[in-house]
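Dear colleague,

I am passing a structure on to you, and I would be glad if you could look through it at your own pace. My notes on it follow below.

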Amino acid sequence: MKSDGHNIPFETLMGYYGNKTPDLALNVPASKQYSELAFMQELFGTDKVAHAGTIATLREKLAEGYISDYEVKTGDHFTKERRSYIYEKICGVKWQDRICPGSVIVLPQEMTFEDITPLKEAQSPSPIKKATHFDYHSVHDTIIKLDALGHPVPDMLKLLEEFTGVSIQNVVWNDPEMYALFSRADTLGIWEFDTDFMKDMLLKLKPKSFHDLVQIWGLSYGTGIWIDNCDQLLYDGHLLSELPALRDDIFLQLMQYGLEKSSSFRIAECVRKGALCHNANWTLELVERMRNNNVPEWYIQSLRKVRYLSPKAHETAYAMNAVRMAWYKIYYPTELYAAYLSCCFPGGEPIVRINDLSIFPEDDQSDNRYFLEVIDTCSQQGIQLLKPDSEKSHCVNYLPERGNIRMPAVT
């Protein structure tokens, strides 16, 4: 079997009644993002596409900083009450205009942008030169937004196919060696799964299947779902399969508890937007509806802590790429590290002038630390980093060479 079924409900994409504007995201190679955006502009028309504009507001720490700076510059010192009053007034006010460089608003042919928003110049290296003046969230549920997100993983997978001659379509999804690798958090070189935060989660959750990886990704990517929530539930003895890690699974789990389909979908949508955190009358009504259907209290309280959950399709796509990279890591480690270095440190950047990992603090997430960690791991596995060679080196990519890795010419 292909093992390619992921139990993703249709309602997630199109809504319970098929009336939801779908949220479409494409992970494109970072090297091809510009051409992808140019293709969108050609396909839909120059006057029918614009970058999604956003409005950044003044956040808590920045507001406190402004107040403190004012006191220092003027010599005035506010009372606690006055300081609190100013803080409440300036938090949330407009701070900056921004754009989402990979997000594109697409208009129907019968509309113009002037029907919904003024436009402004998009200050970004993109073929699309206009952006919405209004924050795109104000039209998000009525107008299609396409995300062409530049991502290093497609470039990595392409290089792995070139280096090994083995297609990513040949990856075996149920290879037990791959899940053993994730369970021991041996994930250096596997994009997004190689951070200290993800390694800690992997060691605690011990994934044994592809669906476990999808759930772990959901727990890491959501807001208010892992720390002080599902991590405590895991400590209390609950299984990974029981945790509300994905908005799609919440929809299905609530139906299994006995709630009707429409109520289950509505609650799952509220959870993904963080609306269940509030004590409004309608959210309390949904909570009571769950209790009346014998949904466990621990599950209800977990849902009420969530502020954001991403869709299962998103997590599945990332997990699929992680499994592909894990497969290459097991059977083609030299090629995996060469591709990883090429995409994460193109042109040999950063090249550190140190050779001791111990100088980096445990929580250091800098490029230098990761680069040196990869080189150190390669050395332990007998993979040498060969010096640039004018005849053998690629201009910007690291190349596998007889079990070692040749550095790029541009270093």
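Throughout these notes, contact means that heavy atoms lie within 4.5 Å of one another. By that measure, residues 24 or more positions apart account for 67% of the contacts in the chain with a separation of 6 or more. Please keep in mind that this is a predicted model, in which local features need pLDDT of at least 70 and side-chain atom pairs count only at pLDDT 80 or more, while totals for chains, interfaces and linings use all residues. Residues are numbered from 1 along each chain as its sequence is written, and side-chain values use heavy atoms, with hydrogens and water left out.

To begin with the overall picture, the chain has 16 helices and nine strands, where helices (H or I, at least four residues) and strands (E, at least two) are DSSP runs numbered from the N terminus. The C-alpha trace spans about 70 × 55 × 55 Å along its principal axes. Of the 411 residues in the chain, 47% are buried; here buried means under 20% relative accessible area, exposed means over 50%, and partly exposed is in between, with a 1.4 Å probe and protein chains only. The accessible surface comes to about 21700 Å², and 52% of it belongs to carbon and sulfur atoms, the areas being obtained by the Shrake-Rupley method with a 1.4 Å probe, with only the protein chains shown counting as cover for residues.

Turning to the strands, two strands are said to pair if DSSP finds at least two bridges between them. Strand 2 (residues 49-57) is largely enclosed by the rest of the structure, because seven of its nine residues are buried. Strand 2 runs antiparallel to strand 3 (residues 94-106), to which nine bridges join it, and Val-49 stands opposite Val-106 of strand 3.

Further along the chain there is an open sheet of three strands, in the order 7-9-8 and with mixed pairing. Its edge strands are strand 7 (385-386) and strand 8, each of which pairs on one side only. Strand 7 pairs with strand 9 in the parallel sense over two bridges, and Leu-386 has Arg-406 in strand 9 as its bridge partner.

Which residues does Thr-334 touch, leaving aside its neighbours within four places in sequence? They are Ile-383, Pro-400, Gly-403, Asn-404 and Ile-405. Thr-334 itself lies in helix 15 (residues 333-344) and is buried, with a relative accessible area of 9%.

Two loop residues may also be worth a look when you go through the backbone. Most residues other than glycine have a negative phi. Asn-294, however, has a positive phi of about 65 degrees although it is not a glycine; Asn-294 sits in the loop between helix 12 (281-292) and helix 13 (297-305) and is exposed, at a relative accessible area of 64%. Arg-402, likewise not a glycine, has a positive phi near 55 degrees, and its place is in the loop between strand 8 (399-401) and strand 9 (404-406), where Arg-402 counts as exposed at 85% relative accessibility.

Finally, the cysteines: taking a disulfide as a pair of cysteine sulfur atoms within 2.5 Å, the count comes to zero. Cys-378 is in no disulfide, and the nearest cysteine sulfur, that of Cys-344, is 13 Å away; Cys-378 counts as buried, at 4% relative accessibility.

With best regards
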